[in-house]
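Thank you all for coming; please bring up the sequence and the structure on your screens, and keep them open while I talk.

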Amino acid sequence: MTIKILPPQLANQIAAGEVVERPASVVKELTENSLDAGATRIEIEIEKGGAKRISIRDNGCGIAKDELSMALARHATSKIASLDDLEAIMSLGFRGEALASISSVSRLTLTSRPESQEGAWQAYAQGREMDVSLKPAAHPCGTTLEVLDLFYNTPARRKFLRTEKTEFTHIDEVIRRIALVRFDVEFSLSHNGKRIRHYRAASEQKQQERRLAAICGSAFLEHALHLEWQHDALGLTGWVADPRAAGQFSELQYCYVNGRMMRDKLINHAIRQAYQDKLGADQQPAYVLYLTIDPHQVDVNVHPAKHEVRFHQSRLVHDFIYQGVLSALQSATEHLPEMTEA
Ligand code: ADP
Ligand code: MG
């Protein structure tokens, strides 16, 4: 047996196995890149559930011509430079793998223009060595990533794609989640040439509530208890549903840690515990919650898709969330005799 270094494309395809599960994962990675680039407007165009085409255009900082090939290289990132940076992450990306991975399993082009540069340039990587070619292009300030024929060269993955409708539903969900945490950014999502969602930038509370209702439904907004809880460097804001209205909304559980969407067992448990006794056996808590925590106190480098975290002081975080949610629930129900404690 001889040991060989894998050609870059194959190494990237293996990495893609971890982060690029389906079109929605591509949309998540690319939209997060746009947010990290400071975009205030992001346009997402999808064709055939994303299997044919995914295009994400932003008005962010752009990438200079001489950095375009780096952007497509594996382990290349502008977001961290040291272990210290990794231990205090505020950006959504930091692995430097998304573009390399996606371009190894699709036909990807990257077109960009930073404000300081005359014109725009377009880059794409090809072949086993993933050599990058560059050519001039027409593009306003900002960046467009276009991903064609996802998984065309990895048939095993392509086979797992579901119907157009199912794949688009997953993409829609990704954008809902992101739109719920970035009220300051305008998002537009279209499928097969038709605009399906348009979330305008919302700075005032009324506009934010409108977006909340558009995403979570007006029933949620109507029964949502606003929450603001603070303890030292820990902060919890957002909305929890009045338990008396539980059952009116299904599967509304959105939780963010420092602006990153999470599915975290510890957080779920704390929220559940706060709702305990207030819900029927088959009822679920509904919430949209934003936790802010000192980035040194949380490890986001747990899973390649970055939807898991580890808290250094998990007990403290658990109790903080429990107390915060409980206080919001109690303030809503304390005037109800059957809810008050003896
Ligand atoms: P990561 O996000 O982990 O840094 P990516 O592979 O997703 O890795 O992106 C590589 C690099 O390309 C980023 O660090 C960033 O510098 C640049 N980049 C990617 N997308 C954009 C974008 N939309 N606007 C500006 N720069 C971008
Ligand atoms: Mg990224």
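Lysine 28 touches Val174 and Ala305, if we leave out residues up to four places away in sequence. The model in which we see this is a predicted one, so please keep that in mind for everything that follows. Lysine 28 lies in helix H2, and with a relative accessibility of 19% it counts as buried, because the cut-off for buried is under 20%.

Valine 27 also belongs to helix H2, which covers residues 23-36. Is valine 27 buried or exposed? Its relative accessibility is 0%, and therefore valine 27 counts as buried. Setting aside residues up to four places away in sequence, valine 27 touches Ile44, Ile46, Ile54, Ile56, Ile171, Val174 and Ile175. If you would like a distance to check on your screen, take valine 27 and leucine 108, which are 81 residues apart in sequence, with their C-alpha atoms 13 Å apart in space.

Let me now step back to the whole protein. It contains eleven helices and 15 strands. The radius of gyration is 22 Å, close to the 20 Å that the globule rule gives for 342 residues, so the protein is as compact as a globular protein of that length. Measured out along the principal axes, the C-alpha trace spans about 70 × 50 × 45 Å. Of the 342 residues, 49% count as buried. If we take the contacts with a separation of 6 or more, 68% of them are accounted for by residues 24 or more positions apart. The protein exposes about 17700 Å², and carbon and sulfur atoms supply 49% of that area. As for charge, there are 40 positive and 44 negative side chains, and the centres of the two sets lie 8 Å apart.

Next, the interior. In soluble globular proteins, nonpolar side chains tend to be buried together. How many residues does the largest nonpolar core have here? It has 98 residues, and those with the most contacts inside it are Leu180, Phe187, Phe220, Val240, Val288, Ile321 and Val325. Helix H11, residues 314-333, gives the largest share of this core, with eight residues. To see what surrounds one of these core residues, select valine 288, which, apart from its neighbours within four places in sequence, is in contact with Leu180, Leu212, Cys216, Phe220, Thr237, Gly238, Trp239, Tyr254 and Tyr256.

A second valine is worth selecting as well. Valine 298 sits in strand S14, residues 298-299, and it is buried, with a relative accessible area of 10%. Residues up to four places away not being counted, valine 298 touches Val257, Asn258, Ile293, Val309, Arg310, Phe311 and His312. Valine 298 and glycine 127 are 171 residues apart in sequence, and from C-alpha to C-alpha they are 39 Å apart in space.

Now please look at two residues whose backbone angles deserve a moment of care. Lysine 48 has a phi near 50 degrees, which is a positive value in a residue other than glycine. Where is lysine 48 found? Its place is the loop between strand S1 (41-47) and strand S2 (53-58), and at 46% relative accessibility lysine 48 counts as partly exposed. Methionine 130 is not a glycine either, and yet its phi is positive, at about 55 degrees. Methionine 130 lies in the loop between strand S4 (120-126) and strand S5 (131-137), but at 10% relative accessibility this methionine counts as buried.

I would like to finish with two charged residues. Glutamate 228 is found in strand S9, residues 224-231, and at 62% relative accessibility it counts as exposed, because the cut-off for exposed is over 50%. Leaving aside neighbours within four places in sequence, glutamate 228 is in contact with Leu236 and Thr237. Glutamate 228 and glycine 238 are ten residues apart in sequence and 6.9 Å apart in space, C-alpha to C-alpha.

Arginine 95, in turn, lies in the loop between helix H4 (83-86) and helix H5 (98-104), and it is partly exposed, with a relative accessible area of 23%. Which residues is arginine 95 in contact with, leaving aside its neighbours within four places in sequence? They are Glu18, His75, Asn301, Pro304 and Lys306. Arginine 95 and phenylalanine 311 are 216 residues apart along the chain, and their C-alpha atoms are separated by 20 Å.

How values were computed: Residues are numbered from 1 along each chain as its sequence is written. Chains are lettered from A and ligands numbered from 1 in the order in which they are written. This is a predicted model: local features need pLDDT of at least 70, side-chain atom pairs count only at pLDDT 80 or more; totals for chains, interfaces and linings use all residues. Side-chain values use heavy atoms; hydrogens and water are left out. Helices (H or I, at least four residues) and strands (E, at least two) are DSSP runs, numbered from the N terminus. The radius of gyration is taken over C-alpha atoms; the globule rule is 2.2 Å times the number of residues to the power 0.38. Buried means under 20% relative accessible area, exposed over 50%, partly exposed in between (1.4 Å probe, protein chains only). Contact means heavy atoms within 4.5 Å. Accessible areas come from the Shrake-Rupley method with a 1.4 Å probe; for residues, only the protein chains shown count as cover. Lys and Arg count as positive and Asp and Glu as negative; His and the chain ends are not counted. The place of a charge is taken as NZ of Lys, CZ of Arg, CG of Asp or CD of Glu. A nonpolar core is a set of buried Ala, Val, Leu, Ile, Met, Phe, Trp, Tyr and Cys residues joined through side-chain atoms within 4.5 Å.
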